[in-house]
Amino acid sequence: MFFSGYAFAGGAHTLSSSIVGSGTAWRVCASGCVIDELYGTTDISSARSTSFPEGWDENTILHARYNNTIAAGNVEFYSSLVTTVRVKRREVGSSEWVTIHEKIVDQNGNPATQLSFDYYDYLARGGVEYEYAFVPVLSGAEGDYYTARVKSEFNGVYIVGYNAQFHSDIDIESSNRRNRPVSIVQTINRKYPFVIHNGQSNYESGSVSAMFAEFDPATCSFKIDTAREYRKRLNDFLYDGRAKVLKFWDGRMWLVDISSAEITEMTNGHRQLVHSSFDWTEIGDADSESDLYLAGLSNYRGGE
Amino acid sequence: MATISVFQKDAFDATASQSFNFAYAGAQCTRSKLDIYSNEENELVYSHTQDSIALNQEVPAGTLTNGTAYYYTFTAYYPGDIYRLIINAYGMSGGSYKTIISGVTYSFTLDDTIPYGYELCYNASTGELSAVHTVSGSSSLIDITAGSAGSNDVSFDRQYTVVTSQQSPVFYCYSDPVFCFSNITDGMTIGNAYYSPEIEYSQAEGEELNSWQIIVYTYSGTEFYNSGTRYDVDNMSITLNGMQDGAQYYFRAIGETVDRTKLDTRTGEIDLLVSVVYSSPVMHGVIEAENKQLFGSVHVSSHIAAIDGHSYCGNGDLRFVNGTAADLRWSYRDDYGDVHDCVEYEGFEVGDNFTLSVLARDICPNAYVIEMGVEQPYFDLFYNVYWRLCDINGSKVAFAELQVSSYNFMDSRENIILVSICSNMIDKPTAEDTIHIWLRRANGNFSLIIENEGVIS
């Protein structure tokens with residue numbers, strides 16, 4: 001075309017790039033040889049070497065070793081076969097895995113990244129060393145377990161719900177007791193009574209009193225000035241009618257419902273020192289997949 | 001009546017001296033005797049008496065033998081007021097004695113088998129006994145203290161009450177075990193936020209390790225990590241994470257053998273000091289778990305790169321060579337430009353900079369060993385690495401050629417070659433030689449190097 005007397009973009013490739021730009025790689029192809037290894041990385045600082053790293057780092061693009069497979073990722077399975085991934089945990093030393101999260105794989109997603117995930121386990125006991133496992137489910141069967149260990153540690157008390165949790169580390173007082181209803185029947189012709197255990201009820205209940213204020217991790221301090229709003233949210237949370245997990249730093253943990261008819265707030269010598277108190281009753285096993293699922297605290301039904 | 005007791009003794013290395021202790025209840029003893037017996041033969045192997053109020057005795061290095069079990073007893077001596085005087089008088093055969101009581105002065109006569117002219121004196125302030133020459137007519141008194149008395153020998157032996165302890169529990173002597181970090185040395189640098197320190201343990205006589213513990217301190221001495229006591233001695237490694245770039249950490253391991261030998265990597269008051277400098281990228285495990293103390297939760301994340309790859313073969317299934325290589329030699333591009341007998345990967349991102357490495361054998365002439373497609377607005381880029389053979393002065397040589405071409409899909413009639421560079425030349429390799437093709441794009445500049453690595457078994 002002519003523009004201001006010049007033949008603007010007159011050549012077939014005038015608008016083609018004259019320098020090699022960069023962009024998203026969408027394909028790498030190898031052919032025409034007997035290939036032993038293919039390794040790609042975004043690292044441009046290391047010297048040329050045929051000793052490729054065994055591990056997988058943040059720069060690694062792909063690494064194929066062709067050991068009877070052409071896979072070039074960091075796992076031994078084919079992502080196209082994975083229908084679901086599960087996150088499991090168990091206490092170190094225990095042989096019983098508990099599934100805490102399940103994710104259905106989007107088969108239309110990016111195959112290189114669709115199996116990656118971030119998950120926060122709010123139901124880990126305090127002071128317990130756990131082993132977590134990533135488990136791909138391939139065609140209905142669980143594949144290899146990829147595991148990592150960590151010790152769960154925190155301070156104070158947490159009340160964990162299905163979409164929120166509240167925490168206190170100030171002036172915590174708690175009590176709990178084991179309940180098993182009994183009837184004592186005294187008979188006419190017998191010196192001693194009978195103790196009757198009707199039913200299988202066997203649960204714990206208790207109460208918690210603490211000062212609740214939102215913790216600011218940026219300053220590692222409690223937001224005392226906004227404690228009133230925080231307590232209001234806490235009260236709404238406690239009375240939302242849903243099951244919760246109550247856990248203490250020392251490993252005590254129960255699946256509970258709030259069973260007190262009132263939540264009391266009492267100042268304790270200072271207008272900002274307000275203690276909230278409530279009662280709770282255990283309604284299930286906090287380590288049971290099915291109990292947590294029924295309580296709406298896990299998306300894994302259990303038993304599969 | 002006084003009693004003494006002995007203690008359970010931890011295993012120790014007999015090539016070093018070792019202190020044995022006892023305790024008493026009651027009067028203070030002034031002399032102790034240590035007897036050590038071999039447990040198997042029940043024979044006395046060491047006995048030593050010490051005139052001291054000390055509640056321990058030092059057994060010299062090399063007295064006992066590593067790999068052997070022993071037990072020991074202590075005998076305590078409580079001094080009484082009874083002394084025994086022994087005099088080897090001149091001209092008398094053998095010694096004679098007389099029992100005396102401290103604080104009392106005795107006069108001896110020949111009938112008392114003490115040489116004529118001598119008198120025994122007791123000095124209450126020093127507690128010493130002496131025999132004094134009192135022969136009339138002599139110029140002065142002559143002190144003849146214990147050990148020398150002119151032509152006579154005089155000695156005093158105090159009488160003791162003796163109490164012996166029970167047998168101690170059996171203890172063992174073992175050579176010092178090797179207990180250290182197998183992958184940490186003092187002053188080393190860790191190039192990562194993650195590290196897995198590992199403990200190494202061995203003992204010449206085969207004593208087993210019972211427990212171990214790894215503790216990591218920050219440079220200021222606060223505890224950064226503590227594994228707690230662990231009893232799995234088959235896997236003595238932990239995974240640390242969260243170490244900060246530019247920080248320094250002290251590493252310490254402690255342990256205990258089954259026979260209670262205490263082990264510690266700490267030398268004096270000093271632990272192994274390690275610096276962390278992120279010189280290499282953070283290694284990703286397939287799954288990582290991190291405690292979030294401030295949030296009461298555990299963060300579980302995965303870094304899974306499941307790059308399945310596809311193979312396209314024009315002659316049946318892809319064939320693997322010895323289970324360690326893929327045979328892609330039957331390659332051609334058909335009329336539609338599609339490639340057969342190739343492996344293809346997709347679904348990942350590459351920025352401005354990358355390095356691609358290929359180890360390959362028996363590369364077909366003019367084959368493009370690598371093709372990489374890069375999406376860009378309005379056009380795609382293709383990186384093609386071709387394998388070339390040629391004759392130079394009668395010698396057959398090989399090199400690789402990189403062609404970077406642009407495919408403008410607004411005008412799809414042809415590709416434009418933007419860059420064409422050649423690698424170094426090498427002698428034509430044999431079919432068994434492994435060739436390393438190394439392609440790097442760094443800040444817009446390309447490097448292409450080939451190297452014959454020879455036959456790799």
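## Close-up views of a predicted two-chain model

Y72(B) is buried, with a relative accessible area of just 1%. That number comes from a predicted model, as does everything else in these legends.

**View 1. Y72(B) and F171(B) meet as an aromatic pair.** Look for the two rings: their centres are 5.9 Å apart and their planes make an angle of 65°, which is an edge-to-face arrangement. Is F171(B) buried or exposed? F171(B) has 0% relative accessibility, so it counts as buried, because anything under 20% does. Now trace the backbone: Y72(B) belongs to strand β6 of chain B (residues 68–88), while F171(B) belongs to strand β13 of chain B (residues 171–173). The two residues are 99 places apart in sequence, and the pair links these distant parts of the chain. Zoom out a little and you'll find that both rings belong to one aromatic cluster, together with F12(B), F20(B), F22(B), Y70(B) and F74(B).

**View 2. Y39(A) and F52(A) form a stacked pair.** Counting over all chains, there are 27 aromatic pairs, and here's another one to look at. Why is the pair of Y39(A) and F52(A) called stacked? The ring centres lie 5.1 Å apart and the planes differ by 20°, so the pair falls under the 30 degrees cut-off for stacking. Y39(A) sits in strand β4 of chain A (residues 34–41), and F52(A) sits in the loop between β4 and β5 (56–57) of chain A. That means the pair ties together parts that are 13 residues apart in sequence. Both Y39(A) and F52(A) are buried.

**View 3. Y345(B) sits in the largest nonpolar core.** This core has 46 residues, and the ones with the most contacts inside it are Y345(B), L38(A), W387(B) and I437(B). Which residues does Y345(B) touch, once you leave out those up to four places away in sequence? From chain A the list has W26(A), R27(A), V28(A), L38(A), L62(A), A64(A), Y66(A), I70(A) and A72(A). From chain B it has I307(B), D308(B) and G309(B). There's also a second, separate core, with 27 residues. Among them are V75(A), F77(A), L138(A) and Y146(A).

**View 4. Strand β19 of chain B pairs with β17, β20 and β21 of chain B.** Start with β19(B), which covers residues 248–257. Strand β17 of chain B (residues 209–218) runs antiparallel to β19(B), and nine bridges join the two. To spot one of these bridges, find Y217(B) and its partner Y250(B). Next comes strand β21 of chain B (residues 272–276), which pairs with β19(B) over four bridges, again in the antiparallel sense. Here Q248(B) stands opposite S275(B). Finally, strand β20 of chain B (residues 262–264) pairs with β19(B) over three bridges and is antiparallel too. In that pairing, G255(B) has L263(B) as its bridge partner. The hairpin of β19(B) and β20(B) has four residues between its strands, and R260(B) there takes a positive phi near 70°.

**View 5. Three strands of chain B make an open sheet.** Their order is β1-β2-β5, and the pairing is antiparallel. Strands of a sheet like this pair through backbone hydrogen bonds. Why is one side of β1(B) and of β5(B) left without a neighbour in the sheet? Strands β1 (3–6) and β5 (56–59) stand at the edges with a single partner strand each, so one side of each has no neighbour. Neighbouring strands here are turned by 25° against each other on average, direction ignored. Four bridges connect β1(B) to β2(B) (residues 18–25). One of the partner pairs is S5(B) with A23(B).

**View 6. I199(B) is a buried residue in strand β16 of chain B.** The strand covers residues 199–202. I199(B) has 5% relative accessibility, so it counts as buried. Leaving out residues up to four places away in sequence, I199(B) touches F179(B), C180(B), F181(B), W212(B), Q213(B), I214(B), M236(B) and A253(B). Its C-alpha is 9.2 Å from that of I184(B), a residue 15 places away in sequence.

**View 7. Stepping back to chain A, you can count two helices and 24 strands.** The chain has 304 residues, and 45% of them count as buried. Chain A exposes about 15900 Å², with carbon and sulfur atoms supplying 48% of it.

Technical notes: Residues are numbered from 1 along each chain as its sequence is written. Chains are lettered from A and ligands numbered from 1 in the order in which they are written. This is a predicted model: local features need pLDDT of at least 70, side-chain atom pairs count only at pLDDT 80 or more; totals for chains, interfaces and linings use all residues. Side-chain values use heavy atoms; hydrogens and water are left out. A nonpolar core is a set of buried Ala, Val, Leu, Ile, Met, Phe, Trp, Tyr and Cys residues joined through side-chain atoms within 4.5 Å. Buried means under 20% relative accessible area, exposed over 50%, partly exposed in between (1.4 Å probe, protein chains only). Contact means heavy atoms within 4.5 Å. Two strands pair if DSSP finds at least two bridges between them. Axes are lines fitted to C-alpha atoms, for helices over the stretch in contact, and angles run from 0 to 180 degrees between N-to-C directions. Accessible areas come from the Shrake-Rupley method with a 1.4 Å probe; for residues, only the protein chains shown count as cover. Rings of Phe, Tyr and Trp (its six-membered ring) pair if their centres lie within 6.5 Å; planes under 30 degrees apart count as stacked, over 60 as edge-to-face and the rest as tilted.
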